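Here is a short briefing on one protein chain. Look at the sequence and the fold first, then work through the points below.

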Amino acid sequence: MTLNRILFYIISFCMLVSCNEEIVFSKYMSVKPAWDIENFVSYKFDISDTTAPYDLFLKFRTNHKYEFSNLFLYTALLYPSGKVEIDTLEYLMSRPDGSMLGHGNMSVKTHKLWYKGYIGDFFFSETGNYQLTIRHATRKLGEVDPVKFLLGVLDVGFSIESAKK
């Protein structure tokens, strides 16, 4: 192996490691073959710094079977003290022409969607163990109840990143 090649690998490794220093927590859970409305996706994580701002993201991997232009979600963030913060969220998943938003090839798209930290800095108010629970609430146009099985969602993820200055 030449010295240039060794240096290339060392520099690449250092860049990769330094890029990931901002990620505090990141995980995906599979919900294949369809996301059942009874399948709550849940993530437990620890926070030790309440002075640093964070960006929180919900992440989804979808395929061509996802038939909706939006994604509706219910989230519950459980704090260490027992406080619960509940949100109803809506995300745009496709363009007006029907093509999917997100990154990736035509068979699988990755969507990284803001959960907290978009409008202003988000700070965790307590140190300790948190739990985020996510469930879908997507429904067909004109219907009251959400669909039981949400086709086309392969994985549901959550990440916490140090806020970009």
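Strand 1 and strand 10 pair in an antiparallel way, joined by seven bridges. Keep in mind that this is a predicted model. The briefing starts with the sheet that holds this pair, moves to a second sheet, and then turns to the core and two buried residues.

**The sheet with strands 1, 10, 4 and 7**

- This open sheet has four strands in the order 1-10-4-7, and the pairing is antiparallel.
- Strand 1 (23–30) and strand 7 are the edge strands. Each has a single partner strand, so one side of each lacks a neighbour in the sheet.
- Neighbouring strands here are turned by 15° against each other on average, direction ignored.
- Two residues show how strand 1 lines up with strand 10. Phenylalanine 25 stands opposite isoleucine 160, and lysine 27 has phenylalanine 158 as its bridge partner.
- Strand 10 also pairs with strand 4, again antiparallel, through nine bridges.
- In that pairing, phenylalanine 60 has valine 156 of strand 10 as its bridge partner.
- How much of strand 10 is covered? Nine of its 10 residues are buried.

**The sheet with strands 3, 8, 5 and 6**

- This open sheet also has four strands, in the order 3-8-5-6, with antiparallel pairing.
- Strand 3 and strand 6 stand at its edges. One side of each has no neighbour in the sheet, because each has a single partner strand.
- From one strand to the next, the twist averages 20°.
- Strand 5 and strand 6 run antiparallel and share nine bridges.
- Within this pair, leucine 77 stands opposite glutamate 85 in strand 6.
- A general rule helps when you look at any sheet: in a regular strand, side chains alternate between the two faces.

**The nonpolar core**

- The largest nonpolar core has 35 residues.
- Which residues have the most contacts inside this core? They are Trp35, Phe45, Leu58 and Phe158.
- Several strands each supply at least two residues of this core, among them strand 3 (41–47), strand 4 (54–63), strand 5 (70–78) and strand 10 (153–162). Strand 6 (84–92), strand 7 (108–116) and strand 8 (128–136) do so too.
- Phenylalanine 45 touches residues well along the chain, leaving aside neighbours within four places in sequence. Its contacts include Phe25, Leu77, Phe124, Tyr130, Leu132, Phe158 and Ile160.

**Two buried residues to find**

- Threonine 75 lies in strand 5.
- Is threonine 75 buried or exposed? Its relative accessibility is 2%, so threonine 75 counts as buried; the cut-off is under 20%.
- Beyond its neighbours within four places in sequence, threonine 75 is in contact with Leu58, Glu85, Ile86, Asp87, Leu89, Tyr115, Leu132, Thr133 and Ile134.
- Serine 94 sits in the loop between strand 6 and strand 7.
- Serine 94 is buried too, because its relative accessible area is 7%.
- Leaving aside neighbours within four places in sequence, serine 94 is in contact with Phe68, Ser69, Ser99, Met100 and Leu101.

Key. Residues numbered from 1 in each chain as written. Predicted model: local features only at pLDDT ≥ 70, side-chain atom pairs only at ≥ 80, totals over all residues. Heavy atoms only, no water. Core = buried A, V, L, I, M, F, W, Y, C linked by side-chain atoms within 4.5 Å. Buried < 20%, exposed > 50% of the residue type's maximum accessible area, 1.4 Å probe, protein only. Contact = heavy atoms within 4.5 Å. Pairing = 2+ DSSP bridges. Axes fitted to C-alpha atoms, helices over the stretch in contact; angles between N-to-C directions.
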